[in-house]
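This briefing introduces selected features of one structure to a reader who has not met it before. Please keep the sequence and the 3D view at hand while reading.

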Amino acid sequence: MDKKILLWSITAALAGFLFGFDVVVISGADKKLQTLWDSSDAFHGWVVMGMALWGTVIGAIFGGIPTNKYGRKNTLIVIGILFAVSAIGSALSNDPYVFAIARFVGGIGVGASTIAAPAYISEIAPAKDRGRLVALYQFNIVFGILIAFLSNYLLSGIGENAWRWMLGVEAIPAVLYILFALKVPKSPRWLLSQFRNEEAKEVLKLINPDANIDAQILEFQSHSAKSDKSETIFIKKYRFPLTLAFLIAFFNQFSGINAFLYYAPRIFEEAGLGESTALLSSVGIGVTNLVFTLLGVFLIDKLGRKTLMYFGSVGYIISLSLVSAAFFFGWTGMAVPIFLFLFIAAHAIGQGAVIWVFISEIFPNHLRASGQAFGSSTHWVLAALIPSLIPYLFNHPMIGAGVVFLVFAGMMVLQLLFVAFMMPETKGKTLEELENIIIKQ
C-alpha cells in the first residue's frame with residue numbers, strides 16, 4: 001500500500017477519533033451532571049445528554065452541502081474547529097443550557113465527519129485497498145472511544161470538577177487534527193467534478209506517478225458525462241442504493257450500539273457493579289472494540305463486506321439475547337459485562353467495520369456526498385432518539401433493560417435477512433464499476 005495514501009487516509013480518519021471521543025466522553029460525566037443540575041430523567045436524556053446527538057443529526061443532514069461545494073478537505077478542517085470549540089465550551093459551562101449548546105456544536109462536527117471523511121478516503125484509495133482504508137475511519141472512532149473511557153477512568157478521582165477535565169481534554173487532539181488536515185491534498189474526484197482538471201492531475205500524479213493519468217480522467221469524465229447534474233438521490237433511478245443506505249444505517253442503531261456506548265457505566269451499575277468497577281469495565285469495552293475493529297479492518301478486503309455482516313449479525317443476536325436474559329433473570333456480577341463484550345466484538349467486526357465503507361461505495365461520484373448525508377442522517381436521527389429514551393425506558397416499571405435489549409435482539413434477526421437477501425458485495429471493484437452494477441439493480 002502506498003505510504004502517501006495511507007498517511008492521507010489516516011489523517012482524514014482522525015476525524016473519527018474525535019467523533020468516538022466526543023460521543024463517549026460524556027458517559028463519564030453522566031450521573032454527575034444529572035446530580036449537579038438536579039435534572040429530571042427526561043431533561044437529562046433529551047437536553048444534557050441528547051443535545052450532542054441532535055447536533056449530529058444537523059451535521060449529517062447538511063454536511064453534504066459544504067462537502068460538495070467547498071470540498072472534502074476544507075470541510076474536514078472546519079470539523080476539527082467545531083470539535084475544539086465544543087470541548088472548551090463544554091468544560092467551561094456553568095449551566096445545562098450553555099453545556100447543551102457547546103455539545104450541540106461538537107455534534108455538528110460528528111455528523112459532518114461521517115460524510116466528509118469516508119467520501120475523501122474512498123475517492124483517493126485504490127479499489128483493492130479501499131475497504132481497509134475507509135475502515136480506518138471506524139478504527140479511529142473506536143480508538144477515540146477507548147481513549148475517552150480510559151481518560152474518564154483516570155480523571156474520575158481528581159475532585160468535584162473532574163467532569164470539566166474529562167470534556168475539555170478533547171481540545172488537544174482537535175487542534176492537532178486541524179494541523180494535520182491542512183497538509184492533505186484535495187480529493188481528485190472532487191476537483192474533477194469542479195472542472196479543475198489540472199489540479200486533479202497533480203493530485204493523481206502524487207497518488208500514483210506510474211498510472212495513466214489521462215485514462216483515469218477519461219474514465220471519470222465518461223461517467224460524469226452520463227450524469228445529469230440536476231439529479232438527486234431521491235429519484236427512481238437511485239431507489240436501490242438509497243434503500244441500502246437507509247437499511248444499513250437503520251439496523252446499525254437498532255442494534256443498540258450508541259445507546260450502550262452512551263450509557264455503559266449506567267448499564268453496568270444497573271447490573272450490580274459498583275461505580276468504579278463500572279468505569280473500569282467501560283475501558284474493557286473500549287479494548288474489545290479496538291481489537292475486533294482491527295480484525296474487521298484486516299478482513300474487509302479479504303472476506304468482503306457481506307461476510308463480515310453475517311458474522312456481526314449472528315454475534316448480535318446471541319449477545320443481545322443473553323444480555324436481555326441477564327436482566328430478566330437477575331444475573332448479576334460479571335455476567336452482563338461478558339455478554340456486552342461479546343456484543344461489542346460482534347459490532348466491531350460487522351456493522352462497525354462495514355457501515356461507512358459500504359455507504360461511501362454505493363452512490364455515483366456526483367451524488368456521493370448526498371448519499372453519505374442521507375445514510376448518515378438516518379443513522380444519527382436514530383442515534384439521537386434511541387439514547388435519549390434510555391433513562392426513561394430503563395426506569396419504566398413496565399419496560400426495563402431486559403425488554404429494551406430483547407427488542408434490539410429481534411431487530412438483528414431482521415438485519416440478518418437484509419444481509420442475506422438484499423446486500424450486494426462491493427469489495428475489489430472501482431467506484432465507477434460499482435456505479436454500473438448497483439444502479440442497474
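**Helix α14 and its surroundings**

The buried residues of helix α14 are Phe-240, Pro-241, Leu-242, Leu-244, Ala-245, Leu-247, Ile-248, Ala-249, Phe-250, Phe-251, Asn-252 and Gln-253. The model described here is a predicted one. The points below continue with α14, then turn to the contact of α1 with α10, and close with Phe-195 and Leu-414.

**Extent and burial of α14**

- Helix α14 covers residues 239-253, which is 15 residues.
- From its first C-alpha to its last, α14 reaches 21 Å, close to the 21 Å expected at 1.5 Å a residue.
- Twelve of the 15 residues of α14 are buried, so this helix is largely enclosed by the rest of the structure.

**The pairing of α1 and α10**

- Helix α1 spans residues 3-25 and helix α10 spans residues 171-181; their axes come within 9 Å and cross at roughly 165°.
- Because angles over 145 degrees count as roughly antiparallel, α1 and α10 are described as roughly antiparallel to each other.
- The crossing of these two helices, α1 and α10, is left-handed.
- On the α1 side, the contact is made by Thr-11, Ala-12, Leu-14, Ala-15, Phe-17 and Leu-18. On the α10 side, Pro-173, Ala-174, Tyr-177, Phe-180 and Ala-181 take part.
- Sorted by class, the contact of α1 with α10 comprises ten nonpolar residues, one polar residue and no charged residues.

**Thr-11 within the contact**

- Thr-11 has its place in helix α1.
- With a relative accessibility of 9%, Thr-11 counts as buried, since the cut-off for buried is under 20%.
- When neighbours within four places in sequence are left aside, Thr-11 is in contact with Tyr-177, Phe-180, Ala-181 and Val-184.

**Phe-195 in a loop**

- Phe-195 lies in the loop between α11 (188-193) and α12 (197-207).
- The phi angle of Phe-195 is near 60°, a positive value in a residue other than glycine.
- Phe-195 counts as exposed, at 66% relative accessibility.

**Leu-414 in helix α21**

- Leu-414 is found in helix α21, which comprises residues 400-421.
- The relative accessible area of Leu-414 is 44%, and this residue is therefore partly exposed.
- Leu-414 and Ser-313 are 101 residues apart along the chain, and their C-alpha atoms are separated by 9.1 Å.

How values were computed:
Residues are numbered from 1 along each chain as its sequence is written. This is a predicted model: local features need pLDDT of at least 70, side-chain atom pairs count only at pLDDT 80 or more; totals for chains, interfaces and linings use all residues. Side-chain values use heavy atoms; hydrogens and water are left out. Axes are lines fitted to C-alpha atoms, for helices over the stretch in contact, and angles run from 0 to 180 degrees between N-to-C directions. Helices (H or I, at least four residues) and strands (E, at least two) are DSSP runs, numbered from the N terminus. Angles under 35 degrees count as roughly parallel, over 145 as roughly antiparallel, 65 to 115 as roughly perpendicular and the rest as oblique. A crossing is left-handed if the near helix is turned anticlockwise from the far one by less than a right angle, and right-handed if clockwise. Contact means heavy atoms within 4.5 Å. Ala, Val, Leu, Ile, Met, Phe, Trp, Tyr, Cys and Pro count as nonpolar, Asp, Glu, Lys and Arg as charged, and the others, Gly among them, as polar. Buried means under 20% relative accessible area, exposed over 50%, partly exposed in between (1.4 Å probe, protein chains only). The expected span of a helix is 1.5 Å times one less than its number of residues.
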